[in-house]
Amino acid sequence: MLYIYEGREMRMKGKYRLKVNLRKFRLEHGELTQEKLAELAGVTRQTIISIERGRYKPSIELALLIAKIFNSPVEDIFSLEEIEEGERKNEGMA
Amino acid sequence: MKAWPENLPKVATIISGSCFILFLALGLLVDRFFYAFAVLSVVMPDLLREFGWLTDMDEFQLEASKKASHHAYISTAVFSAIIIGNSGMWMSNPVSSGEIFTLLFVLLVVVKYSSYFIQFWDKKKASFRILLFFAIFWSAFVLLGKHQYIRTILIALLAVPVPFFVLALLSIRFPVFTGIVSTAASILTVPFYLIYFYPRGLKSFVGLFGSFLLLSLPLAAAGISLLTYSMKNRREVSGGKENEKV
């Protein structure tokens, strides 16, 4: 989701979605297990699973902490992906 | 110190759950004064977490717990309104305030924990656990009941706990089928109670709604979550196939 500022009002346009590259990063960083990452981030393994599957959007603090663990910019792991017009219609219908 | 296993309920949940059962039993058997402690024992961990004095959950668990509490609050409010609004239905057969309290509180606890499981765990895993929990619960209910004959116990076990066990096992391999069967069974139990049992006086008001809470509600929760899991899974698989073609 993208927040677009219109004056002082914050509106959610719904043109973007959160893309999570956490699994890819984990595997690239010496096959770091979900359990180990959860331990390093101070959360449960289920939380890591849910973030990877897109079921849960982490807080800014947790996203930054995960980025810090991988020593990478946060936007490499969590980024915004534009939803195509046709795809939006399909999502709306689903 | 070794971390507490994730698959087990939190220490605070185990303590509060045990206290809840103990005080509820004392409230029913000794004095309704104990109901106050039953309420406290269930809400205490959440209150402590709200004030930041208990930090046994991460942000995802806290969010799931807050959403589940919200669902429990709404359903209990609606159910209370139905009970008060239809008080004429049971005024002829006086129901003690203790029984009404037990019903409302059981509803709150069932909705809260079912909703929490479904949000926190994978929907399929959560449904399996809900069905398994109620299979064990109903088995204990039958086995601890005052049945004189083994045949009666076997029939009672076959009537409710065994179907719950079977559905729990089927949910692992056949989520769509189990979802449909569970949802259909939950819908069918409602007219069955209302049309068959209640007019014949076979079930009291409390027994009727108690059975609804502990039979139809878990079936509906597990069934609907299995169906949503299957639909989402199917969408993801077909989406993946389309991407592969591109």
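This is a short tour of a predicted model with two chains, A and B, stop by stop.

**Stop 1: chain A by itself**

Hide chain B for a moment and colour chain A by secondary structure. You should find six helices and four strands. Walking from the N terminus, the order is β-β-β-α-α-α-α-α-β-α. Chain A has 94 residues, and 31% of them are buried. Switch on the surface if you like: about 6400 Å² is accessible, with 49% belonging to carbon and sulfur atoms. As for how the chain folds back on itself, take the contacts between residues at least 6 apart in sequence: 51% of these join residues at least 24 apart.

**Stop 2: two salt bridges inside chain A**

Select A:E81 and A:R17 and show their side chains. They meet in a salt bridge, 2.9 Å from N to O. This one links distant parts of the chain: A:E81 sits in strand β4 (residues 78–82) and A:R17 in strand β3 (residues 16–20), 64 residues apart. Are these two buried or exposed? Neither, quite: A:E81 is partly exposed at 27% relative accessibility, and A:R17 is partly exposed too, at 25%.

Now select A:E52 and A:R26. Here the salt bridge is 2.5 Å, N to O. A:E52 belongs to helix α3 and A:R26 to helix α1 (residues 22–28), so this pair ties together parts that are 26 residues apart in sequence. Both A:E52 and A:R26 are buried. Keep helix α3 in mind, as the tour comes back to it.

**Stop 3: where the chains touch**

Bring chain B back and select the contact residues on either side. There are 14 from chain A in contact with 14 from chain B. Together the chains bury about 1100 Å², 47% of it on carbon and sulfur atoms. Which residues of chain A lose the most area to chain B? Pick out A:Q46, A:R55 and A:Y56, which together account for 50% of what that side buries.

Next, look for charges across the boundary. The rule finds one salt bridge there. Select A:R53 and B:D122 to see their side chains meet at 3.7 Å, N to O. Turn on polar contacts as well, and you have eight residue pairs across the interface to inspect. Back to helix α3 (residues 45–52): it gives the most to the side of chain A that touches chain B, with four residues. Colour that side by residue type and it divides into five nonpolar, six polar and three charged.

**Stop 4: chain B by itself**

Hide chain A this time. How many helices and strands does chain B have? Ten helices and zero strands, so your secondary-structure colouring will be α from start to finish. Of the 246 residues in chain B, 37% are buried. Its exposed surface comes to about 14900 Å², and carbon and sulfur atoms supply 72% of that. Among contacts between residues at least 6 apart in sequence, 70% join residues at least 24 apart.

**Stop 5: B:R49 and its company**

Zoom in on B:R49, in helix α2 (residues 34–50) of chain B. With a relative accessible area of 10%, B:R49 falls under the 20% cut-off and therefore counts as buried. Show B:D46 next to it: the two form a salt bridge, with the closest N and O atoms 3.2 Å apart. They are three residues apart in helix α2, so about one helical turn separates them. B:D46 is partly exposed, with a relative accessible area of 23%. Add B:D56 and B:K112 to your selection, and you have one network of four residues, B:D46, B:R49, B:D56 and B:K112, joined by salt bridges that share partners.

To see what else surrounds B:R49, look beyond its neighbours within four places in sequence. Its contacts there are B:K10, B:A12, B:T13, B:L54, B:D56, B:M57 and B:L62.

**Stop 6: B:F133 and B:P218**

For the last stop, select B:F133 in helix α6 (residues 123–144) of chain B. B:F133 is partly exposed, with a relative accessible area of 49%. Then add B:P218 and measure C-alpha to C-alpha: they are 9.6 Å apart in space and 85 residues apart in sequence.

**Before you close the viewer**

If you want to list salt bridges for yourself, the structure holds seven over all chains.

Technical notes. Residues numbered from 1 in each chain as written. Chains lettered and ligands numbered in written order. Predicted model: local features only at pLDDT ≥ 70, side-chain atom pairs only at ≥ 80, totals over all residues. Heavy atoms only, no water. Contact = heavy atoms within 4.5 Å. Buried area = accessible area lost by both parts, 1.4 Å probe. Polar contact = N/O pair within 3.5 Å; in protein donor to acceptor, adjacent residues only side chain to side chain. Helix = DSSP H or I, 4+ residues; strand = E, 2+ residues; numbered from the N terminus. Nonpolar A, V, L, I, M, F, W, Y, C, P; charged D, E, K, R; others polar. Buried < 20%, exposed > 50% of the residue type's maximum accessible area, 1.4 Å probe, protein only. Areas by Shrake-Rupley, 256 points an atom, 1.4 Å probe, with all protein chains shown as cover.
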